Amino acid sequence: MEAKDYTNIAGSPFQPFVKKQIEERKKLVSKETRTNSDLQWLNNKSSWIRISSNTNVLDENPNFIEAGDTLSRRYILQAGLTDHSKLDPTKPIGQNDSTFTPRSGLGPNGAYGLGGTTSFGYRPMPGLTSLSIKTGGKLGTLREASFEFTCYNMEQLSIMDALYMKLGFSVLIEWGHIPYIKNTYSSDNKIETIPQPMDFYGIDTKEVLMKEIQKRRVAHDGNYDAMWGTVKNFSYSFEGNGTFVCKVDLVGAGDVLESLKINQSGNATATSPTDTPPTEEKQPESPYPVVSNANLSLLNQALYNIYIKGLVDYEYDVAIDNSTSYFDMLRPFLKKREVDIGTSNYATTTPIIVQKGFQFSLLTDLNKSTGNGGNEDVQIPFIPNPESFYSRLIMGYTIDGEESTGTSKNEKGLEQVYITLGHLLMLIMSNGWMDDKEENKPDAKRKPYVYIDINTETNRCYTFPGHCSLDPTVCLIASQQLPFGIKTSLLATLRNHYPFYDTENPGYGGKFMNTLVNVNWVAGILKSQQTSNPKGDVPFVDFMQDVLTGISKACGGFNEYRIVPDDDSRCVRIFDDKRLTEPLKPGDKSPYTTIPVLGKNSLVYSFNYTSKISPNTAAMTVISAQAEPAGLGDEAFAFSHLSKGLTNRISPARSTSTSDENAEIGAGSVPDTGEDRYIELRDHIQNIYGGSGGELTVKEAETQKDIISGKSDNAAVTTARILS
């Protein structure tokens with residue numbers, strides 16, 4: 001099966017061009033007879049660094065005569081300072097329209113004398129002294145950078161302060177190996193000595209910038225990298241020799257997620273008086289959070305309109321609402337993202353980043369190194385059937401005994417309304433997100449500061465044919481089938497509009513963005529987050545983690561979702577730690593890259609192995625390292641593999657008191673039998689999906705009779721049924 005390397009699969013291999021580079025390096029270091037090119041690469045490896053400012057000087061600024069990006073072009077930190085302001089008349093503006101010239105000589109624009117000579121005479125130009133790049137997060141996708149440079153007079157400090165030490169302003173850092181070998185080195189034995197940094201000042205948008213960075217990663221076969229970061233902190237100190245030592249700290253885009261709140265106030269333009277949410281002065285009394293909290297934020301307003309739009313007029317068992325009137329109501333809430341669904345020209349007028357679900361995982365876009373400089377795009381699929389993806393599902397349920405017969409939004413018994421998780425994330429990006437604007441005007445075009453990948457094809461999670469939701473008040477998923485042989489027509493309806501299980505490629509997992517979340521439940525999470533926060537804010541990360549945890553629990557707890565911000569692509573993604581690539585079949589070649597730590601082809605400079613546990617995990621480790629295989633859970637049991645085939649002579653085994661077979665049962669309690677739980681779960685699923693035909697064994701049938709006659713204590717659960 002061909003690897004879909006644009007997906008969010010955990011444990012996926014290196015990108016092809018990185019794997020090829022490692023293999024070429026392994027071949028080179030293992031050679032017994034070496035060429036001059038081999039020796040040059042082995043003995044003269046170094047690095048290069050270039051740091052460019054994104055600061056423009058306004059015309060009315062009295063401190064500098066160079067307006068626009070001219071000042072930034074003239075003060076690039078590379079080999080001291082590099083001047084990038086001299087125009088090349090043979091090339092059009094914006095297309096490598098200038099040359100890079102290192103400063104040299106004496107004078108106000110030279111290597112010595114920059115900033116004047118009256119105070120200290122000829123002083124050197126500012127120069128970079130150190131650079132540190134760090135990665136963070138569980139997958140190492142968050143980036144932080146620190147760099148230091150030295151200024152030699154106040155004039156230099158004033159210029160460098162304006163360019164590199166303004167909080168919230170952007171800086172581009174480029175770095176790489178030199179010399180380096182290409183992925184074709186084995187065939188041509190040619191090393192590369194001239195890297196190709198980008199013309200940063202010919203790029204106008206972050207989307208183009210991210211793509212150009214990835215293009216150069218591929219073109220240099222992984223020997224180039226870059227970071228576009230935001231100034232987080234800076235400092236400078238005056239030294240005794242008359243110099244200023246300056247330090248700047250940068251962070252990537254993912255750093256803002258921890259403080260990004262999504263319950264922003266506002267009011268979308270309503271299409272009719274009935275769509276207008278309630279005002280602050282008139283709070284409705286309703287048992288449903290989506291109604292009673294409609295005015296808490298712009299996102300709440302969107303959920304309210306989705307929920308209540310003509311809802312009390314419906315008498316459906318199941319209804320997929322992708323009508324023109326629904327899209328007309330929804331359009332004002334998606335206007336910011338130019339999502340124009342429900343129209344015949346969707347494919348031609350809607351921006352491609354919307355059609356593809358804001359898929360800007362550019363780590364895998366342009367990832368094929370075929371000698372074309374990284375110009376071969378990976379074909380990231382479009383979101384299929386946007387009319388369904390952005391629709392709403394209405395179902396008549398009985399929830400906790402309340403019949404679905406409500407006729408007013410202030411009464412119990414209203415139908416349950418669902419939207420896809422991707423649809424919810426699109427609403428968040430449109431009504432509770434941070435944007436980049438082209439200019440400081442109310443009507444200026446805007447794009448998300450950080451994207452969220454909502455593409456149904458690139459977001460996969462662990463699943464299996466009988467995977468289903470056990471709590472319709474939280475979510476539903478279009479399973480391939482139901483457990484216990486239960487038959488239902490509902491799943492066929494859901495699969496047609498919101499396919500979750502991939503029957504064609506089951507090894508790729510479930511299409512997570514097609515998870516149907518209950519709108520009322522989402523509104524309840526918004527309210528609980530606002531109530532628990534001292535300032536009444538709803539942080540995106542906390543909100544989404546509650547949503548993801550709720551979905552996992554409702555579907556049996558098989559998934560472990562987490563939010564992964566990717567600074568390289570400025571894209572937020574959702575990973576399932578339970579999702580792994582499909583196991584290799586006999587005879588398949590492993591896609592993974594091996595880096596030997598010993599031997600002739602080893603690229604490793606040092607290697608160490610350390611065992612260290614924290615006090616919080618000490619007790620678990622002491623027990624699980626000597627536990628019987630069936631005694632503890634999967635995570636704890638893993639420790640016992642470290643001592644497989646060995647035993648501790650004095651204390652050969654350990655366990656907890658509750659794991660002993662002779663543990664006493666509390667007075668008056670009777671444990672449920674396996675049949676009790678089996679039938680209770682089967683009946684619960686059958687009620688949710690309006691199914692029938694679940695198979696019973698003889699013991700199950702007897703237990704079922706006891707439940708009906710009242711002889712068995714069937715635990716109370718939240719039940720639901722399809723209205724018929």
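Is Arg392 buried or exposed? Select Arg392 in your viewer: at 0% relative accessibility, this residue counts as buried, where buried means under 20% relative accessible area, exposed over 50% and partly exposed in between, with a 1.4 Å probe and protein chains only. Arg392 has its place in strand E13, residues 392-395, and if you add Tyr418 to the selection, you will find the two C-alpha atoms separated by 5.6 Å, although the residues are 26 apart along the chain.

Before going on, keep in mind that this is a predicted model, in which local features need pLDDT of at least 70 and side-chain atom pairs count only at pLDDT 80 or more, while totals for chains, interfaces and linings use all residues. Residues are numbered from 1 along each chain as its sequence is written, and side-chain values use heavy atoms, with hydrogens and water left out.

**The whole chain**

Now show the full chain, whose secondary structure comes to 20 helices and 23 strands; helices (H or I, at least four residues) and strands (E, at least two) are DSSP runs, numbered from the N terminus. Of its 724 residues, 47% count as buried. Among contacts (heavy atoms within 4.5 Å) between residues at least 6 apart in sequence, 68% join residues at least 24 apart.

**Two helices**

Select helix H13 (residues 421-431) and helix H16 (residues 540-554), whose axes come within 13 Å and cross at roughly 170 degrees. That makes H13 roughly antiparallel to H16, since angles over 145 degrees count as roughly antiparallel, under 35 as roughly parallel, 65 to 115 as roughly perpendicular and the rest as oblique. The axes are lines fitted to C-alpha atoms, for helices over the stretch in contact, and the angles run from 0 to 180 degrees between N-to-C directions. With side chains displayed, look at Leu421, Leu425 and Ile428 in H13, which meet Phe540, Phe543, Met544, Val547 and Ile551 in H16.

**Salt bridges**

A salt bridge here is a side-chain nitrogen of Lys or Arg within 4 Å of a carboxyl oxygen of Asp or Glu, and by this rule the count comes to 26. Select Arg573 and Asp453, whose side chains meet in a salt bridge at 2.9 Å, N to O. Arg573 lies in strand E23 and Asp453 in the loop between strand E17 (451-452) and strand E18 (460-461), so the pair ties together parts that are 120 residues apart in sequence. Arg573 is buried at 5% relative accessibility, and Asp453 is buried as well, at 0%.

Next select Lys20 and Glu24, which both lie in helix H1 (residues 16-29), four residues apart, about one turn of the helix. Their salt bridge has its closest N and O atoms 3.0 Å apart; Lys20 is partly exposed, with a relative accessible area of 34%, whereas Glu24 is buried, at 2%. Then select Lys206, Glu207, Asp436 and Lys447 together, as these residues are linked in a network of salt bridges.

**A surface patch**

Finally, show the surface and select Val597, Leu598, Phe607 and Tyr609, which make a nonpolar patch of about 520 Å². Patches are made of residues with over 30% relative accessible area and no salt bridge, with like charges joined within 9 Å and nonpolar side chains (Val, Leu, Ile, Met, Phe, Trp, Tyr) within 5 Å. Accessible areas come from the Shrake-Rupley method with a 1.4 Å probe, and for residues only the protein chains shown count as cover. Within the patch, Val597 is found in the loop between strand E23 (571-576) and helix H17 (615-624), and is partly exposed, with a relative accessible area of 34%.
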